Amino acid sequence: MTRYPFLKFLGNKYVLVLIGLAVWLMFLDNYSYFENRTINKELEELEENKAYYIQEIKKDSASIKQLNNPDQTEKYAREKYYMKRENEDIYIIEFEDNVPDEDTKSL
C-alpha cells in the first residue's frame, strides 16, 4: 500500500460512491450528459427551423397584403403565370444565360 498511495484514496467508500454516481449520471441515466447533448442539438435545429418559417410567414403575409390590390393581383398573374387579357399577345423573351441546358433538365 505504501507503494501506491492513490489506492488508499480510491478505496475510500465515499470516493467509490462518487465515482459510481458520476459514471451513472454520465452514461447510464435517462438524462445523461450525452443524451442531453443530442437533445440540445435537436432543439437548436428546431429553433433554426422555427426562425426560418417565421421569416417565410412574414414574407408571405406581405405578398398577401399586396395581392389584395387588384392591380397587384393582375401584375402577379401576368408575371408568374403568363396570363393575358382577351385579344392580347404576349411574347416571352428569354436570354441565353437564363435558359437551362438540355443536359441539366430533371424530370
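## A starting point: Glu48

Let us begin with one residue. Glu48 is exposed, because its relative accessible area is 58% and the cut-off for that word is over 50%. Glu48 is found in helix H3. The model you are looking at is a predicted one, and this glutamate makes a good place to enter it.

What kind of surface patch includes Glu48? The patch is negative, and it is formed by Glu35, Glu42, Glu44, Glu45, Glu47 and Glu48.

## The chain as a whole

Stepping back, the chain holds four helices and zero strands. Read from the N terminus, its elements follow the order α-α-α-α. Helix H1 covers residues 5–10, helix H3 covers residues 33–67, and helix H4 covers residues 70–81.

How much of the chain counts as buried? Of its 107 residues, the share is 3%. The accessible surface amounts to about 11000 Å², and carbon and sulfur atoms account for 57% of that area.

## How confident is the prediction?

The average pLDDT of the chain is 83, and 90% of the residues score at least 70. Among the elements, helix H3 has the highest mean pLDDT, 94, while helix H1 has the lowest, 72. As a general caution, predicted coordinates should not be read in detail where pLDDT is low.

## A salt bridge within helix H3

Side chains of opposite charge can pair when their charged atoms come close. How many salt bridges does a search of the whole structure find? The search finds four.

One of them joins Lys59 to Glu56, with the closest N and O atoms 3.3 Å apart. Both residues lie in helix H3, three residues apart, which is about one turn of the helix. Lys59 counts as partly exposed because its relative accessible area is 48%, which places it between the 20% and 50% limits.

## A charged network around helix H4

A further set of charged residues is found later in the chain. Glu74, Arg78, Arg85 and Glu88 are linked in a network of salt bridges. Within that network, the side chains of Arg78 and Glu74 meet at 3.1 Å, N to O. These two residues both lie in helix H4, four residues apart, about one turn of the helix. Glu74 is partly exposed, with a relative accessibility of 29%.

Arg78 also meets Glu88 in a salt bridge, at 3.0 Å from N to O. This pair links distant parts of the chain: Arg78 belongs to helix H4, Glu88 belongs to the segment after H4, and 10 residues separate them. Are these two partners buried, exposed or in between? Arg78 has a relative accessibility of 25% and so counts as partly exposed. Glu88, at 24%, is partly exposed as well. Both values lie above the 20% limit, under which a residue would be called buried.

## An unusual backbone angle at Asn87

Asn87 also lies in the segment after H4. What is notable about the phi angle of Asn87? Its phi is near 55 degrees, a positive value in a residue other than glycine. Asn87 is exposed, since its relative accessible area reaches 83%, over the 50% cut-off.

## Where helices H3 and H4 meet the eye

Tyr76 is placed in helix H4. At 38% relative accessibility, Tyr76 counts as partly exposed. Two C-alpha distances help to locate this tyrosine. From Tyr76 to Gln66, 10 residues away along the chain, the C-alpha separation is 9.6 Å.

The second distance involves Ser63, a residue of helix H3. Ser63 and Tyr76 are 13 residues apart in sequence, and their C-alpha atoms are 9.9 Å apart in space. Ser63 is partly exposed, with a relative accessibility of 34%.

Methods:
Residues are numbered from 1 along each chain as its sequence is written. This is a predicted model: local features need pLDDT of at least 70, side-chain atom pairs count only at pLDDT 80 or more; totals for chains, interfaces and linings use all residues. Side-chain values use heavy atoms; hydrogens and water are left out. pLDDT is the predictor's confidence in each residue, from 0 to 100. Patches are made of residues with over 30% relative accessible area and no salt bridge: like charges are joined within 9 Å, nonpolar side chains (Val, Leu, Ile, Met, Phe, Trp, Tyr) within 5 Å. Accessible areas come from the Shrake-Rupley method with a 1.4 Å probe; for residues, only the protein chains shown count as cover. Lys and Arg count as positive and Asp and Glu as negative; His and the chain ends are not counted. The place of a charge is taken as NZ of Lys, CZ of Arg, CG of Asp or CD of Glu. Buried means under 20% relative accessible area, exposed over 50%, partly exposed in between (1.4 Å probe, protein chains only).
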